[in-house]
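Thank you all for coming, and please have the picture ready in front of you while I talk. I will go slowly, and I will explain each term when it comes up.

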Amino acid sequence: MSSDAEDRSLKMVGLELMFLTPEKYCHEDGITAVELAKLVGLPLEEVKKKLQILKDKNIVRVKGINPKYWKFDEYNFQRLDDDDDIFHLLCNFEDVDFDRYFTY
């Protein structure tokens, strides 16, 4: 898998969590990896890897053990360095279809 495809899947997972509203998940603590994988249309194992990358950057929080509930951490995301690769990836909206996240 190319790094470009990996970046796209990381961006899909990150943006889905960033724009996730409470109406889209079943539990108040967040969304499970299985629910998220269905939303973004990626394999579960790939979604879990991307969630771990985002967790290592402290821009997603996890609650629970089995199942784990994931939530975007807006505060820590805004505190990321402007030069951070993941910050740039998630802030690049050139190819983003916002209709996927919002209903007008």
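In which sense do strand β1 and strand β2 pair, and over how many bridges? Strand β1, which covers residues 60–63, and strand β2, which covers residues 69–72, pair in the antiparallel sense over four bridges. Two strands are said to pair if DSSP finds at least two bridges between them, and the elements themselves are DSSP runs numbered from the N terminus, with helices being H or I runs of at least four residues and strands being E runs of at least two.

Before I go on, please keep in mind that this is a predicted model, in which local features need pLDDT of at least 70 and side-chain atom pairs count only at pLDDT 80 or more, while totals for chains, interfaces and linings use all residues. Residues are numbered from 1 along each chain as its sequence is written, and side-chain values use heavy atoms, with hydrogens and water left out.

Let us stay with the hairpin for a moment. Valine 60 stands opposite phenylalanine 72 in β2, and among the five residues between the strands, glycine 64 takes a positive phi near 90 degrees. A second glycine with a positive phi, of about 70 degrees, is glycine 41, which comes just after α2.

That brings me to helix α2 itself, residues 33–40, where Ala33, Leu36, Ala37 and Val40 are buried, and buried means under 20% relative accessible area, whereas exposed means over 50% and partly exposed is in between, using a 1.4 Å probe and protein chains only. Why do these residues lie on the same side of α2? They cover an arc of only 100 degrees around the axis, and that puts them on the same side, where the arc is taken from the directions from the helix axis to the C-beta atoms. As a general point, an α-helix has 3.6 residues a turn, so residues three or four places apart point the same way.

Now for the interior. The largest nonpolar core has 29 residues, and of these Val13, Leu17, Leu54 and Leu90 touch the most other members; a nonpolar core is a set of buried Ala, Val, Leu, Ile, Met, Phe, Trp, Tyr and Cys residues joined through side-chain atoms within 4.5 Å. Two or more residues of this core come from each of α1 (3–18), α2, α3 (44–56), β2 and α5 (85–91), and the largest share, five residues, comes from α1. If we set aside residues up to four places away in sequence, leucine 17 touches Ile31, Leu36, Leu51, Leu54, Val60, Trp70 and Phe72, where contact means heavy atoms within 4.5 Å.

Helix α1 also holds glutamate 16. Is glutamate 16 buried or exposed? Glutamate 16 is buried, with a relative accessible area of 2%, and beyond its neighbours within four places in sequence, its contacts are Lys24, Leu36, Leu39, Val40, Arg100 and Tyr101.

Next, the aromatic rings, of which the structure holds two pairs. Phenylalanine 72 and phenylalanine 77 form a tilted pair, at 5.4 Å centre to centre and 55 degrees between the planes; rings of Phe, Tyr and Trp (its six-membered ring) pair if their centres lie within 6.5 Å, and planes under 30 degrees apart count as stacked, over 60 as edge-to-face and the rest as tilted. Phenylalanine 72 is buried at 11% relative accessible area, phenylalanine 77 is buried at 6%, and Phe72, Phe77 and Phe87 form one aromatic cluster.

Finally, the structure holds four salt bridges, a salt bridge being a side-chain nitrogen of Lys or Arg within 4 Å of a carboxyl oxygen of Asp or Glu. Aspartate 29 forms one with lysine 63, with the closest N and O atoms 3.4 Å apart, and this pair links the loop between α1 and α2 to strand β1, 34 residues apart. Another salt bridge joins aspartate 84 and lysine 57 at 2.5 Å, N to O, linking the loop between α4 (74–78) and α5 to the loop between α3 and β1, 27 residues apart. Here aspartate 84 is buried at 13%, whereas lysine 57 is partly exposed at 32%.
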